[in-house]
Amino acid sequence: MAAAGAHRPGPLKQQNKAHKGGKRRGAAQRRAAGRVAAKALPRRRRRDLGRVDRRHQALQLRRQRKEAVLAEKRSLGSKDGPPHLVVVVPLHSTAAAHNTLRLLQSQDSAVVRVDEGRPGGFALLCPRLKQRWRFVAAQTGDLHAVLDLAKVADSLLFLLDPVDGWDSAGEYCLSCLFAQGLPSYALAVLGGTDLPPKKRIDAKKKLAKAIEKRFPEAKLFPLNTEQESSLLLRHLATQKQRHLAFRDRRAHLLAYAAEFVPSQESDLVGTLKVSGFVRGQTLSVNSLVHIVGHGDFQMSQVDAPPDPLSLNPRVVKGQKRSQDMDIQDDSVNGADEMEEDVKVLMKADASKQESLESEVVPDPMEGEQTWPTEEELQEAEASLKAIRKVVKVPKGTSKYQAAWIVDDGEEDSEEDDDDEEDDDIDMMEEAASQEGEGSEEEEELAEEECETMTVSECVRDDNYDEKVEEDEEQMLERYKQERMDEMFPDEVDTPRDVPARVRFQKYRGLKSFRTSPWDPKENLPRDYARIFQFQDFSRTRKHIFRQIEKEETEGASVGWYVTLHICNVPFSVMESFKDGRPLVLFSLLLHEQKMSVLNFLVRRHPSNSEPVKAKEELIFHCGFRRFRASPLFSQHTSADKHKLERFLRPDAALVVTVYAPITFPPASVLLFKQRSNGMHDLIATGSLLAVDPDRIVIKRLVLSGHPFKIFTKTAVVRYMFFNREDVMWFKPVELRTKWGRRGHIKEPLGTHGHMKCHFDGQLKSQDTVLLNLYKRVFPKWTYDPYVPEPVPWVRDETVPLAQEVEME
């Protein structure tokens with residue numbers, strides 16, 4: 001055994017030459033001729049620790065981590081920290097949340113404060129244990145309420161059925177929660193005592209087997225007596241807290257009370273006073289706050305009212321009357337009594353307050369130039385003389401009038417048909433004169449369909465068969481398009497009534513999709529003048545996160561009970577709070593109110609199999625935000641160009657690109673698609689990749705032709721073009737075949753689109769000649785922060801747990 005003080009080599013230890021293994025060592029190593037560079041000593045020589053010192057250092061680090069975890073546990077729910085927020089989520093229709101809440105309220109040494117503003121919610125104060133909890137019940141059918149409460153909850157309490165565990169609605173709720181990010185949780189089972197002993201044992205085994213799939217290493221707590229509820233409370237208080245990155249770096253709170261003060265100009269807009277406990281980070285009055293589901297707002301003032309859930313008996317006794325009142329009574333009748341105790345913590349400073357400006361106002365004169373110089377005028381005249389155009393004009397037309405006459409080809413080239421080119425590939429064979437009318441008719445039909453689909457299901461509809469037939473035809477057409485795109489990716493038919501050089505005038509050919517250059521600032525749309533862009537996004541993100549960790553922000557600390565005065569809030573926010581929906585607030589980091597181009601990395605959810613087309617309106621749950629947008633789908637590669645995908649692929653991870661407010665990763669993202677009946681289907685899950693407007697998404701079109709006559713290395717190809725001019729126009733573009741041959745167009749033959757092509761080998765008769773064209777595409781600006789409430793999820797018949805386990 002080696003001694004404890006064994007010799008360890010220092011930094012000046014001799015180093016022998018490395019073995020020259022292999023011939024492919026590189027030119028630089030061959031030029032070195034075996035010479036070894038001198039080893040440079042660091043400026044501060046690091047002292048090598050002995051074995052005992054290393055052991056002490058590891059022990060100190062382990063002790064520091066343990067103390068940090070214990071300090072976090074002690075602060076949560078104590079008098080100095082916010083109450084332990086527990087959200088009760090029933091995963092089965094038979095698991096009643098009110099029975100669980102009644103058991104938890106029956107603690108002997110606890111004081112119960114019923115939250116009359118929230119149905120089923122209450123606070124549990126234990127002065128003997130120096131702990132306080134706040135329990136909030138969430139309905140599984142209300143998807144937005146469950147996800148919003150899970151964003152701010154310290155712990156989730158899942159209620160299971162003793163026989164079936166969870167039903168289809170519970171399974172759907174769990175899928176959304178796991179994708180968003182799951183905080184600390186506990187599993188409880190209600191009932192099961194009335195079952196026979198043998199069936200009870202079998203049901204317990206099946207339930208344990210199903211839980212092991214979803215919740216590995218999770219403990220199941222029976223919840224039938226007061227003693228079992230005490231054990232559950234102790235587990236909730238002592239378990240390790242799981243962190244969600246998007247909320248740990250931002251201040252957030254769940255509204256405990258709210259009051260709306262209308263403005264002098266209108267009763268629909270006013271100041272919203274929201275009271276709650278600050279969590280996460282220190283809250284500054286000069287920062288912006290985001291009300292989940294409603295938008296971004298400014299604060300004018302932060303007050304410090306008395307804590308309604310204080311563990312001090314004297315404070316509780318003095319405020320007993322004000323706490324037992326309803327929210328409206330508390331804000332009206334009890335406002336005069338509590339006005340003396342309310343302290344103003346801080347008021348907003350106009351010079352330091354962040355602006356609500358989310359878009360750049362484009363300057364229409366920004367692209368204008370000053371008066372040209374004489375050299376520029378001479379160059380312009382020389383270029384005009386060099387360009388001569390022959391135009392047929394009526395007799396007596398002057399040169400000035402002839403300059404304004406536009407050819408048919410130029411008139412077609414000036415039309416902006418991005419929507420037709422991107423979305424309606426199957427309509428390319430229509431005439432150019434009918435494209436505008438067709439798009440208007442499609443918009444009118446879409447509006448009529450939207451009106452018919454919003455009719456309530458409870459009303460008897462005599463046109464049910466017609467609507468179902470239309471929906472099924474549309475879905476069948478989408479399935480056909482998705483299938484054709486899988487079989488013949490990006491292939492389109494060349495139109496016969498419109499010249500190909502006009503129809504595909506915005507496309508270009510590339511020698512190599514991977515290595516050919518493409519300028520990211522070329523031909524940007526007008527919407528890019530409205531967005532913000534970082535010079536170095538990752539550096540800005542690191543700088544902001546470093547400021548959060550090191551600098552101390554002035555404001556309301558974590559655990560304080562404060563009242564926020566939020567300006568210019570619509571009255572619909574207060575109506576939503578009165579209806580029982582949770583009111584969740586998040587503070588915004590620097591630049592997070594500004595619009596930019598966001599890229600998400602998502603993967604198709606296995607529960608959804610319907611085709612999802614690009615630029616189709618979807619619902620996004622990104623971190624603490626919720627909005628609607630029409631995204632682009634593209635491949636996730638390490639290259640500088642990324643190919644557009646027309647459909648959301650089920651077998652690969654794709655990048656989703658949208659216009660949205662800036663959010664700093666990490667942040668989870670959930671994609672939903674709204675049905676015609678108002679329900680939301682989860683179609684994809686993933687995370688925020690980056691904020692990068694320079695990410696180039698390229699749309700590819702493939703024109704196909706068939707060999708007519710085949711020679712040794714040449715062939716006559718037809719059906720790719722239908723006139724001689726198109727063949728000459730696309731002559732510089734390289735050709736390829738499905739069997740791997742490469743070639744180019746030599747010359748056109750005749751006037752019907754036949755062309756003579758040269759290849760690197762002899763073609764097969766069953767081969768197909770392809771020509772690739774590329775164009776950069778951009779997402780549509782359809783960002784909408786308002787998302788309608790989804791229809792509650794319909795619970796299907798419960799799937800037995802044994803079948804669930806087999807399916808998984």
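Which exposed residues sit on the face of α20 turned away from its buried side? Keep that in mind while you get set up. What you have open is a predicted model.

**Stop 1: helix α20**

Select residues 537-550, which make up helix α20. Put a distance between the C-alpha atoms at its two ends and you should get 20 Å. That agrees with what 14 residues at 1.5 Å a residue should span, also 20 Å.

Now pick out Phe-537, Ile-544 and Phe-545, the buried residues of α20. They lie on the same side of the helix, because they cover an arc of only 95° around the axis. To see what they pack against, add β25 (680-691) to your selection.

Then turn the view around. On the face away from that buried side you'll find the exposed residues Arg-539, Lys-542, Glu-549 and Lys-550. That settles the opening question.

**Stop 2: a tour of salt bridges**

Side chains of opposite charge can pair when their charged atoms come close. Over the whole structure, a search turns up 26 salt bridges. Here are a few to visit.

Begin with Arg-132 and Asp-307, where the closest N and O atoms are 2.8 Å apart. This pair connects distant parts of the chain, 175 residues apart: Arg-132 is in strand β4 (residues 131-137), while Asp-307 is in the loop between β13 (299-304) and α9 (313-318). Are the two partners buried or exposed? Arg-132 counts as buried, at 1% relative accessibility. Asp-307 is buried too, with a relative accessible area of 19%; the cut-off for buried is under 20%.

Next, select Arg-214 and Glu-171, whose side chains meet in a salt bridge at 2.6 Å, N to O. Here two helices are linked: Arg-214 belongs to α6 (residues 197-214) and Glu-171 to α5 (residues 168-180), with the two positions 43 residues apart in the chain. Arg-214 counts as buried at 18% relative accessibility, whereas Glu-171, at 23%, counts as partly exposed.

For a third pair, go to Arg-628 and Asp-784, which meet at 2.4 Å, N to O. Arg-628 lies in strand β20 (residues 625-629) and Asp-784 in the loop between β31 (769-776) and α23 (801-807), so this bridge ties together parts 156 residues apart in sequence. Check the surface as well: Arg-628 is buried at 16% relative accessibility, and Asp-784 is partly exposed at 24%.

After the pairs, try a group. Select Asp-490, Lys-643, Glu-645, Arg-646, Arg-649 and Arg-700, which are joined into one network by salt bridges that share partners.

**Stop 3: a nonpolar patch**

Switch on the surface and select Met-484, Met-487 and Phe-488. Together they make a nonpolar surface patch of about 280 Å². Met-487 is in helix α18 (residues 464-487) and is partly exposed, with a relative accessible area of 44%.

**Stop 4: backbone details**

Where is the cis peptide bond? Look between Pro-665 and Pro-666, where omega is about 10°. Pro-666 sits in the loop between β23 (654-661) and β24 (668-674).

Two more places deserve a click. His-591, although not a glycine, has a positive phi of about 75°; find this residue in the loop between β17 (584-587) and β18 (595-604). Tyr-719 isn't a glycine either, yet has a positive phi of about 70°. Look for Tyr-719 in the loop between β27 (714-718) and α22 (724-729), where this residue counts as partly exposed at 44% relative accessibility.

Terms used
Residues numbered from 1 in each chain as written. Predicted model: local features only at pLDDT ≥ 70, side-chain atom pairs only at ≥ 80, totals over all residues. Heavy atoms only, no water. Patch = residues over 30% accessible without salt bridge, like charges linked within 9 Å, V, L, I, M, F, W, Y side chains within 5 Å. Areas by Shrake-Rupley, 256 points an atom, 1.4 Å probe, with all protein chains shown as cover. Salt bridge = Lys/Arg side-chain N within 4 Å of Asp/Glu carboxyl O. Helix = DSSP H or I, 4+ residues; strand = E, 2+ residues; numbered from the N terminus. Buried < 20%, exposed > 50% of the residue type's maximum accessible area, 1.4 Å probe, protein only. Expected span 1.5 Å × (residues − 1). Arc of directions from axis to C-beta. Contact = heavy atoms within 4.5 Å.
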